[in-house]
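Dear colleague,

Please find below the structure that I am handing over to you. My findings follow directly after it.

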Amino acid sequence: MEIDRCYCFQVRFAELRRVAKATGATSVAELQAHRRFGQKCQLCHPYVRRMLRTGQTCFGEIIEAADEPVPE
Ligand code: FES
């Protein structure tokens, strides 16, 4: 199974990457100012953080919050 979106809101990480490039958003919170996602289970947050760090938008592995640094 590949994970490529916030499933609760059906927003693809590729779309969030486009938003980040267009707006300069560098965090989940900053992206949420532009798109509605990540406000239910929040399991997508570590994927979005990795996407912001690496540009990767499709994941074949489970990433948990402890796997990605949470910005202060
Ligand atoms: S998958 Fe993003 S809030 Fe649930």
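The notes below cover the overall fold and then the core.

This is a predicted model, in which local features need pLDDT of at least 70, side-chain atom pairs count only at pLDDT 80 or more, and totals for chains, interfaces and linings use all residues. Residues are numbered from 1 along each chain as its sequence is written.

The protein contains three helices and two strands, arranged β-β-α-α-α from the N terminus on. Helices (H or I, at least four residues) and strands (E, at least two) are DSSP runs, numbered from the N terminus.

The C-alpha atoms fill a box of roughly 30 × 25 × 20 Å along the principal axes. The radius of gyration, taken over C-alpha atoms, is compared with a globule rule of 2.2 Å times the number of residues to the power 0.38. For 72 residues, a compact globule would have a value near 11 Å, and the protein agrees with this at 11 Å.

Of the 72 residues, 22% count as buried, that is, with 20 or more other C-beta atoms, placed from the backbone, within 10 Å of their own.

The largest nonpolar core (buried Ala, Val, Leu, Ile, Met, Phe, Trp, Tyr and Cys residues joined through C-beta atoms within 7 Å) has 12 residues, among them Cys 6, Phe 37 and Met 51. Helices H1 (13-23), H2 (28-32) and H3 (45-54) each give two or more residues to this core, and H3 gives the most, with four.

Leaving aside residues up to four places away in sequence, Met 51 touches Phe 13, Leu 16, Arg 17, Gln 56 and Thr 57; a contact requires C-beta atoms, placed from the backbone, within 7 Å.

With kind regards

Key. Two residues are in contact if their C-beta atoms, placed from the backbone, lie within 7 Å.
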